[in-house]
Amino acid sequence: MIDSIGSRLQRLARPGSGWRAASPAGRGVRRRVVPLLLMVLLCPELADAAPGAVETSAAAWWVWPLALFVVCFFLGIIAVPAGVGGGVLFVPLVSGFFPFHLDYVRGAGLLVALSSALAAGPSLLRSGLANMRVALPLALIASCSSMFGALLGLALPDSVVRIALGIAILGIVAVMLLARKSEYPEVPSSDRLALALGMNGVFVDGASGQQVAWRMHRTPQGLALFLFIGVLAGMFGLGAGWANVPALNLVMGAPLKVAAGSSSFILSLVDSSAAWVYLNNGAVLPVIAAPSVIGMMLGAKIGARLLHVLKASVIRRLVIVMLLFAGGRALMVGLGIGI
Amino acid sequence: MNTKGIEPEQIRYAEWLRWSGWLGLAVLVGAFGLYVSGVLPPVIPVEHLPQIWGLPSRELMQRHELEGGWSWIHSLGRGDMLNLLGIAILSGCSALPLLAVTDIYLRRGDRLFAALCLLQVAVLVLAASGLIAPGH
């Protein structure tokens, strides 16, 4: 079934007739998917779906979980071409437009990000794009701080977390808009810590077939950054890939592909630690977590097939708009300003 | 996939992670099917879910007299609690691969990375222990 859906979407978004061209096939995809997503975001009924309004809802219990599955399915499709993780889309959108308390949304968000990282991890490790010598020290620091972040997030009042989440999401948008990417950063020399940890290697660039030798620097600064990243990941239930990759690539000098691959590996450890805190404190509801994880993973499988046919920049712009809207909404809900 | 030139610990970690990740996902999917189909009765009836999923987690636990930590393990015969087994496997599935590669590091004499692996396992165990809880 997944194959037939993926094939159908691929036919609708053929190369040269996908999102960028004005062909009937490309317009077909835009006509179907984009309005559906915008409808979900802008539907006035959903604006009343903040926690607290749920007691007056007469919908059957399965309606919201089914809607969650569908939304996560589409998020999974666009997350891969947009180059963002599931968590960074999931938490702001679901917390803003579904009647679930933020505790469960964050718990589910961590599991969504974790599942994506676990799905991608093995192939990234086997290809050498994830590097354990880079990831393990950073993951250790970040997983400790993510537990603290999770505790902090569960202890703070809901409104405070929403305001902080809104600010964080808008910050993520800024990072996505402003952060440069350097495919092969220039690293004049490794620092002593990077040398001691063996943060260097060689990987084969799949696109060019070239062997690329790389090394890293600014390791103490990187460790400090990951300490902070772990707190954010645990507190907001976000995957933190949006921060890991720039930290590894721009600060520590890892090639972009190694940064992205190692980020996924780091996520699998950081989000595991934080997820346990949510699980042990009753902040994981199966009726929210399970459809989220399953929907996102099914969607990501299709999104990976569409990676070559969808124009990533268009999807990325759509994601930025969605995040802007969701971040603004989180701020306004936290400040008690109605929409 | 050509794994030539890739460190053996990465290959081993990848293999263990692949199987443990799929196991967690399979348990979660199966348990969720049993839960929503009603085959296994849940602790919280599904019809009550819309009334409680907007509550903070602490309040939900108080209202339904649920204990935190690993108390759910005693209720695996209930649909909602069985899902937590799948979630626990997913959350803990990095621990075994870490232990599996510690052996490779030790045999190579790389005590630093063996220690890092064990420390990471310790962090995961601490997180999973239920000892960490927000203050009331």
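Here is a friendly exchange between two colleagues about a predicted model of chains A and B.

Colleague: Let's start with chain B: how many helices and strands does its secondary structure come to?
Modeller: From the N terminus on, the elements of chain B run α-α-α-α-α-α. The tally for chain B is therefore zero strands and six helices.

Colleague: And is chain B a compact globule or more spread out than one?
Modeller: Its C-alpha atoms fill a box of roughly 55 × 35 × 25 Å along the principal axes. For 136 residues the globule rule gives 14 Å, while the radius of gyration of chain B is 19 Å, well over that value. Chain B is therefore more spread out than a compact globule.

Colleague: What share of the residues of chain B counts as buried?
Modeller: Chain B has 136 residues in total. Those that count as buried come to 38%.

Colleague: Which element gives the largest share of the side of chain B that touches chain A?
Modeller: The contact takes 56 residues from chain A and 55 residues from chain B. On the chain B side, the elements giving two or more residues are α1 (8-37), α2 (49-52), α3 (57-63), α4 (79-92) and α6 (111-128). With 13 residues, the largest share comes from α1(B).

Colleague: By class, how many residues on that side of chain B are nonpolar, polar and charged?
Modeller: Here we stay with the side of chain B that touches chain A. It has four charged residues and 15 polar ones, and its nonpolar residues number 36.

Colleague: Turning to the largest nonpolar core, which helix gives the most to it?
Modeller: This core holds 146 residues, and A:L111, A:L232 and A:V284 touch the most other members. The helix that gives the most contributes 15 residues and covers residues 102-127 of chain A. That helix is α6 of chain A.

Colleague: Which residues of chain B is A:V284 in contact with?
Modeller: Leaving aside neighbours within four places in sequence, A:V284 is in contact with several residues of chain A, including A:Y104, A:G107 and A:L279. From chain B, its contacts are B:L84 and B:I87.

Colleague: A:L279 came up there; is it buried or exposed?
Modeller: A:L279 has its place in helix α12 of chain A. Not counting residues up to four places away in sequence, it touches A:G107, A:V284, B:L84, B:I87, B:A88 and B:S91. The cut-off for burial is 20 or more other C-beta atoms within 10 Å. With 28 such neighbours, A:L279 counts as buried.

Colleague: How many residues of α12(A) are buried, and which residue with positive phi follows it?
Modeller: The 25 residues of this helix should span 36 Å at 1.5 Å a residue, and its end C-alpha atoms are 36 Å apart, which agrees. Of those residues 24 are buried, so α12(A) is largely enclosed by the rest of the structure. The residue that follows α12(A), with a phi near 70 degrees, is A:G282.

Colleague: How far apart are the end C-alpha atoms of helix α13 of chain A?
Modeller: In α13(A), 16 of the 20 residues are buried, so this helix is largely enclosed by the rest of the structure. At 1.5 Å a residue, it should span 28 Å. The distance between its end C-alpha atoms agrees with this, at 29 Å.

Colleague: Last one: which residue in β2(A) does A:G201 stand opposite?
Modeller: Along strand β1 of chain A the side chains alternate, with A:G201 and A:F203 buried on one face. β1(A) pairs with strand β2 (residues 211-215) of chain A in the antiparallel sense over five bridges. Opposite A:G201 stands A:W214.

Notes. Residues are numbered from 1 along each chain as its sequence is written. Chains are lettered from A and ligands numbered from 1 in the order in which they are written. This is a predicted model: local features need pLDDT of at least 70, side-chain atom pairs count only at pLDDT 80 or more; totals for chains, interfaces and linings use all residues. Two residues are in contact if their C-beta atoms, placed from the backbone, lie within 7 Å. Helices (H or I, at least four residues) and strands (E, at least two) are DSSP runs, numbered from the N terminus. Ala, Val, Leu, Ile, Met, Phe, Trp, Tyr, Cys and Pro count as nonpolar, Asp, Glu, Lys and Arg as charged, and the others, Gly among them, as polar. A nonpolar core is a set of buried Ala, Val, Leu, Ile, Met, Phe, Trp, Tyr and Cys residues joined through C-beta atoms within 7 Å. A residue is buried if 20 or more other C-beta atoms lie within 10 Å of its own, exposed if 12 or fewer, and partly exposed in between; C-beta atoms are placed from the backbone. The expected span of a helix is 1.5 Å times one less than its number of residues. The radius of gyration is taken over C-alpha atoms; the globule rule is 2.2 Å times the number of residues to the power 0.38. Two strands pair if DSSP finds at least two bridges between them.
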